[in-house]
Amino acid sequence: MKLFINKIGILSVALALTVSSCDKEFLNAVPELDLSDATVFNTPARVLSQVNGLYGSAKSGSLFGGRYLIYNDIRGEEWINRTTNGVTGYGTYQGNQDPSDSYLANFWIQGYLTINRANLFLEGLTANPTAVTPALAANYRGEAKFLRALTYFSLVQFFAKPYILDKGASAGLPLRLKGESSSANNDLARSTVAQVYAQVLKDLNEAEAELPDSYSTALLNTTRAHKNSAVALKTRVMLAMGDYAGVITEGNKIVTAAAPFRSTTRVAHTLQADVSNVFKAPYTTTESVFSFPMDATNAPGTQNQLGFYWNAGNVEYTLNPGPTGIYNNAQFGANDDRKTKMTVPRTAVANAPSLTKFSGVAPFVDFVPNIRYAEVLLNVAEAEAEAGSLTRAAAILRAVHGRSDAAYEFPSLATKSEVVRAILTERRIEFLGEGFRANDVLRRGEPLNSFGAGAIIQPSDPRYIFGIPLVEVQTNPSIGK
């Protein structure tokens with residue numbers, strides 16, 4: 001990755017205002033570029049500002065604040081493009097994602113910028129051992145490693161073959177673990193997918209050990225990583241590896257053996273009785289394991305926001321009501337809260353069903369969910385169905401579905417294939433518009449049903465994954481090695 005920014009510029013995404021421990025301090029993160037390397041670690045407040053800056057970098061609209069989720073969704077069969085707007089992902093929707101596409105390049109660049117900021121922060125924290133107390137230093141290291149792991153895992157889903165196709169033997173990403181302040185070390189070959197996954201799990205295991213059990217408020221428990229956040233993300237990573245036993249082991253740390261399924265340690269995660277409450281202010285329910293907060297002065301940016309794409313106010317993409325889409329699937333019934341409360345059958349803008357899960361309007365300050373407890377439950381359910389207890393898998397599935405449609409009865413959950421398919425269908429319903437669809441297909445090595453391309457894209461098709469952005473190819477001669 002080409003790095004043009006000086007070391008302090010990369011490291012210091014600090015606060016424009018006071019840097020107290022206020023809950024909302026990192027909602028307004030802006031660059032602070034005129035500090036020396038020693039100065040940014042000379043007080044606990046300034047160290048905290050660096051932590052807040054890491055979150056600010058990750059929640060960019062080019063990354064987890066919008067584009068990552070949107071591109072994962074529009075590659076599948078759930079959406080119909082309404083505007084043919086190249087700025088809002090029309091090429092990706094059609095299966096024509098081009099390595100020269102500036103929006104894909106921005107995703108890559110922002111991802112590696114976030115990784116580099118984490119690397120520089122970890123090095124700076126080590127170099128300034130008395131800047132904060134040992135307990136705070138461990139907390140902050142855990143947060144940096146969590147964000148680095150999340151970013152690497154997300155990048156490798158886009159730009160490399162799924163782990164399950166060859167157990168990670170194919171080319172992955174350049175694995176950059178040292179902070180860079182110039183372009184001197186741009187030349188770096190790709191590590192394998194397996195090596196990237198190994199680093200992700202190493203970071204998450206270390207993060208789990210260092211992160212706190214919880215924070216002092218519901219807002220911080222939602223927007224800053226804690227032990228349960230690391231555990232939850234590990235279930236996602238291991239599911240993508242086909243490590244079902246690992247998913248169950250990790251999931252059992254925060255999911256009870258039987259109903260009601262909940263976390264009884266640290267943060268008391270549980271499903272909300274009304275799923276729509278998860279997506280309403282203050283966005284801090286116990287189902288929200290980890291979310292990226294937004295604020296009127298720090299929104300995701302023009303044409304990056306989830307509400308801009310899905311919501312009835314603009315509607316770049318409408319829901320596919322045809323036989324391939326989830327909207328009219330029998331498992332997504334007419335009385336399901338996820339349909340009655342978070343979709344509309346048609347609007348004045350689009351005479352087609354639309355998703356209103358993210359109901360805010362400009363400047364679109366809905367929090368962006370990254371990990372919900374519903375995902376952890378369905379991760380565990382899928383792993384149990386594949387390699388554990390069908391009984392527990394079906395019970396978890398019924399719990400997730402039943403909180404939104406208690407009257408629904410599954411036709412049959414007697415066999416492994418029936419349970420797995422029902423769980424995968426449930427994921428399409430539960431996480432509609434939250435950026436899971438393409439990854440849920442690719443992580444299982446299955447063909448991608450691209451509505452926009454009008455084709456079934458096989459794993460052998462070059463369109464199955466994104467090509468490395470041209471900006472990286474041009475500045476890193478070893479990327480093709």
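This passage walks through the overall build of the protein, its interior and its surface, as seen in a predicted model.

A good place to start is the fold as a whole. The chain forms 18 helices and eight strands. Its radius of gyration is 21 Å, close to the 23 Å that the globule rule gives for 481 residues, so the protein is as compact as a globular protein of that length. Taken along the principal axes, a box of roughly 65 × 45 × 45 Å holds the C-alpha atoms. Links across the sequence are plentiful in the contact list: where two contacting residues are at least 6 apart in sequence, 73% of the contacts join residues at least 24 apart.

Turning to the interior, 61% of the 481 residues count as buried. In soluble globular proteins, nonpolar side chains tend to be buried together. Here, the largest nonpolar core has 122 residues, and those with the most contacts inside this core are F121, F146, F159, L173, Y197, V237 and W310. Helix α6, which spans residues 134-159, gives the most to this core, contributing 13 residues. Another core lies apart from it and has seven residues, including V441, L448, I457 and I465.

The outside can be described just as briefly. About 17,100 Å² of the protein is exposed, and carbon and sulfur atoms supply 55% of that area. As for charge, the protein carries 44 positive and 43 negative charges, and the mean positions of these two sets are 1 Å apart.

Note on methods. Residues are numbered from 1 along each chain as its sequence is written. This is a predicted model: local features need pLDDT of at least 70, side-chain atom pairs count only at pLDDT 80 or more; totals for chains, interfaces and linings use all residues. Side-chain values use heavy atoms; hydrogens and water are left out. A nonpolar core is a set of buried Ala, Val, Leu, Ile, Met, Phe, Trp, Tyr and Cys residues joined through side-chain atoms within 4.5 Å. Buried means under 20% relative accessible area, exposed over 50%, partly exposed in between (1.4 Å probe, protein chains only). Helices (H or I, at least four residues) and strands (E, at least two) are DSSP runs, numbered from the N terminus. The radius of gyration is taken over C-alpha atoms; the globule rule is 2.2 Å times the number of residues to the power 0.38. Contact means heavy atoms within 4.5 Å. Accessible areas come from the Shrake-Rupley method with a 1.4 Å probe; for residues, only the protein chains shown count as cover. Lys and Arg count as positive and Asp and Glu as negative; His and the chain ends are not counted. The place of a charge is taken as NZ of Lys, CZ of Arg, CG of Asp or CD of Glu.
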